[in-house]
Amino acid sequence: MKGAQRNRAALIGIALVGLVLASACALSPGSMTWGAELTETERNAVLEAVSAEAARELVPLSEIFYARITSRRFNSRATFEDPSVRQFFPTVAAYSDYYAALVDALDRAYIRFNRPTSVELLGIEVAVSGNLMLKLRFVGRNDLPLRWWNASLILTDEWTWQDGRWFVVPGKV
């Protein structure tokens, strides 16, 4: 009888752990589809502003870029020298400017270790220059003492279609 009760208790424990993990995954910000918050107006504005090929590539390519910078420590040389991130910039100088500005912004937002744990695409606007402005939310552990909740940072990145591919345009440092 005791063995059956232990087995039942173990099964209930496993079921509860599974339920907690499943609900945590469903509620995590990273579980949302990239660009799910974009409105039809924003999607139509992108289609009107750029060619069909450029519009088709923007959201998936931006998802790849921001996935590569998620969960990476930004104030480290290894992240800075990663060619998989550098390829999204037309020049090394442009990448250096973007990188420096992002490290500074993450630091000012008190994101622990300058390591965002998730990035969300909140919106897209067409700039006067014809480039696209992606509004993003970077989320990471809070670096301030006694603050157990996450810190977040809202940034706008500029993307330009040039020579048949998308590039990130750095802001002014």
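Helices and strands are taken here as DSSP runs, helices having at least four residues and strands at least two, and both are numbered from the N terminus. With that in mind, colour this predicted model by element and follow the chain from its N terminus: the elements run α-α-α-α-α-α-β-β-β-β, which gives six helices and four strands.

**The whole chain**

Show the surface before going further. The accessible surface of the protein comes to about 10600 Å², and 58% of that area belongs to carbon and sulfur atoms. Of the 173 residues, 32% count as buried. Among contacts between residues at least 6 apart in sequence, 57% join residues at least 24 apart.

**The sheet**

Next, select the four strands, β1 (118-126), β2 (132-141), β3 (150-162) and β4 (165-169). They form an open sheet in the order β1-β2-β3-β4, with antiparallel pairing. Because β1 and β4 stand at the edges, each with a single partner strand, one side of each is left without a neighbour in the sheet. Looking across the strands, you can follow a twist that averages 30° from one strand to the next.

Zoom in on β3 and β4, which run antiparallel and are joined by five bridges. Within this pairing, W159 stands opposite V168 in β4.

**Helices on the sheet**

Now add helix α2, residues 40-49, which packs on the sheet and touches β1 and β2, its direction making about 60° with that of β1. Then add α3, which also packs on the sheet but touches β1, β2, β3 and β4, and whose direction makes about 140° with that of β3.

**The largest nonpolar core**

Which residues touch the most other members of the largest nonpolar core? Of the 37 residues in this core, they are F65, Y66, I69, L134, F138 and W159, so display these side chains as sticks. Elements that each supply at least two residues of the core include α3 (52-69) and α6 (92-108), together with β1, β2, β3 and β4. Select α6 in particular, since the largest share of this core, eight residues, comes from that helix.

**A stop at Y66**

Finish by centring the view on Y66 and showing its surroundings. Leaving aside residues up to four places away in sequence, Y66 touches W34, Y98, V119, L134, L136, F138, D157 and W159. Two of these partners, L134 and F138, are also among the core residues that touch the most other members, as is W159, the residue already met opposite V168 in β4.

Technical notes:
Residues are numbered from 1 along each chain as its sequence is written. This is a predicted model: local features need pLDDT of at least 70, side-chain atom pairs count only at pLDDT 80 or more; totals for chains, interfaces and linings use all residues. Side-chain values use heavy atoms; hydrogens and water are left out. A nonpolar core is a set of buried Ala, Val, Leu, Ile, Met, Phe, Trp, Tyr and Cys residues joined through side-chain atoms within 4.5 Å. Buried means under 20% relative accessible area, exposed over 50%, partly exposed in between (1.4 Å probe, protein chains only). Contact means heavy atoms within 4.5 Å. Accessible areas come from the Shrake-Rupley method with a 1.4 Å probe; for residues, only the protein chains shown count as cover. Two strands pair if DSSP finds at least two bridges between them. Axes are lines fitted to C-alpha atoms, for helices over the stretch in contact, and angles run from 0 to 180 degrees between N-to-C directions.
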